[in-house]
Amino acid sequence: MVSTDHNDQPDSANPATDLATEKRDIQGVTGTLTSRSIRSFVIRNGRLTSAQQSALDNLLPKFGIPFSEATLDLASVFNRSAPTWVEIGFGNGDALLHMAKQHPEVNVIGIEVHAPGVGQALLGIHAEALSNLRIIQHDAMEVLQHMFAEQSLDRVLLFFPDPWHKKRHHKRRIVQDEFLQAVSSRLKSGGLLHCATDVADYAQWMLEHLDNAKQLRNESPSQDFVAQPEWRINTRFERRGQRLGHDVFDLLYRRT
Ligand SMILES: C[S@@+](CC[C@H](N)C(=O)[O-])C[C@H]1O[C@@H](n2cnc3c(N)ncnc32)[C@H](O)[C@@H]1O
């Protein structure tokens, strides 16, 4: 049983503890994580309901795509050719399920390492009988690098990623040059990267890193943030931020 929580992060000043934690719990992630590197998540023991456990046992084989170092054939995964959207770190799947329901013409893939969230999203796929949604339970960075061909994705969505508040943890933020390079190379020309955060400091960090990414162009007329696009509904972490009085920032960039 595993969970992650961005308000309850370990202190990387003690890497031995982090490594031990990751080694103990990493079985929850499909496939083997290829090598120890700085990761944007730490998996820790957490509560998994019996329904979520049953979804992992019975629905993941049906709606999950196992991690592999081989490139995915998207048309055969979905039995059709259609635009493909990928949400990274979908949490319990609020936005993921909404996008798949609202856009049946699109193939949607969600990537998440948090087992209770994966179980919850699987329950939603089953309950709504969604045929256009699949889940990969693995590190998104490795999935991007191995499983998606260059210029194969129409949209990449990253909603409320872990902010890693402390300066010494900033290297764990998922938005880094290497991550943006992987995303932009997998996006089709004209494809979109949409990020959202309720942490002002992370919004600025995103803006700077995204502006530095050569193949990405800001879609905001004011060259900063955009109004919330219709395909993003409010998520669990967003609601938590709003309860704390946080502003929300949406960033929308197009692959040139
Ligand atoms: C703060 S939560 C936000 C969840 C959801 N997007 C929301 O808005 O409610 C960030 C999520 O990203 C996931 N995550 C972080 N790094 C990841 C990675 N490299 N690959 C897959 N999931 C990741 C975490 O497990 C966590 O569930």
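Which strands does helix α9 (residues 200-212) lie across? In this predicted model, helix α9 lies across β5, β6 and β7, and its direction runs at about 10° to that of β7. The chain that holds these elements contains 10 helices and 7 strands, and buried residues make up 40% of its 256 residues. Of the contacts in the chain with a separation of 6 or more, 80% are accounted for by residues 24 or more positions apart.

The 7 strands form an open sheet with mixed pairing, in the order β3-β2-β1-β4-β5-β7-β6. Because β3 (133-136) and β6 stand at the edges, each with a single partner strand, one side of each is left without a neighbour in the sheet. From one strand to the next, the twist averages 20°. The parallel sense of pairing is found between strand β1 (residues 84-88) and strand β2 (residues 107-111), which are joined over 5 bridges; within this pair, Trp-85 has Val-108 of β2 as its bridge partner. Helix α5 (residues 94-102) packs on the sheet, where it touches β1, β2, β3 and β4 (153-159), and the direction of α5 makes about 170° with that of β2.

Strand β7 takes part in two antiparallel pairings. With strand β5 (residues 187-197) it shares 6 bridges, and Leu-193 has Tyr-253 of β7 as its bridge partner. With strand β6 (residues 216-218) it shares 3 bridges, again in the antiparallel sense, and here Leu-216 stands opposite Arg-255 of β7. In a regular strand, side chains alternate between the two faces of the sheet. Strand β7 (residues 249-255) shows such an alternation, since Phe-249, Leu-251, Tyr-253 and Arg-255 point to one face and are buried, while Asp-250, Leu-252 and Arg-254 point to the other face and are not buried.

Away from the sheet pairings, a contact between two helices may be described. Helix α2 (residues 50-58) packs against helix α6 (residues 115-128) at an angle of about 80°, and their axes are 8 Å apart; this angle makes α2 roughly perpendicular to α6. On the side of α2 the contact involves Ala-51, Gln-52, Gln-53, Ala-55 and Leu-56, which meet Ala-115, Pro-116, Val-118, Gly-119, Gln-120, Leu-122 and Leu-123 of α6. The residues of this contact divide into 8 nonpolar and 4 polar, with no charged residue among them.

The ligand is surrounded by 25 residues, of which the closest are Gly-89, Gly-91, Ala-140, Phe-160 and Thr-235. In this shell, 12 residues are nonpolar, 8 are polar and 5 are charged. Helices α7 (140-147) and α10 (236-243) each supply at least two residues of the shell, and the largest share, 3 residues, comes from α10.

Phe-160, one of the residues closest to the ligand, also has a positive phi of about 55° although it is not a glycine. Phe-160 is found in the loop between β4 and α8 (177-186), and it counts as buried because 23 C-beta neighbours lie inside 10 Å. A positive phi, near 60°, is likewise found at Asn-79, a residue other than glycine, which is located in the loop between α4 (74-78) and β1. Asn-79 is exposed, with 9 other C-beta atoms within 10 Å.

Definitions and conventions: Residues numbered from 1 in each chain as written. Predicted model: local features only at pLDDT ≥ 70, side-chain atom pairs only at ≥ 80, totals over all residues. Axes fitted to C-alpha atoms, helices over the stretch in contact; angles between N-to-C directions. Helix = DSSP H or I, 4+ residues; strand = E, 2+ residues; numbered from the N terminus. Parallel < 35°, antiparallel > 145°, perpendicular 65-115°, else oblique. Contact = placed C-beta atoms within 7 Å. Nonpolar A, V, L, I, M, F, W, Y, C, P; charged D, E, K, R; others polar. Near = placed C-beta within 6 Å. Buried ≥ 20, exposed ≤ 12 C-beta atoms within 10 Å, placed from the backbone. Pairing = 2+ DSSP bridges.
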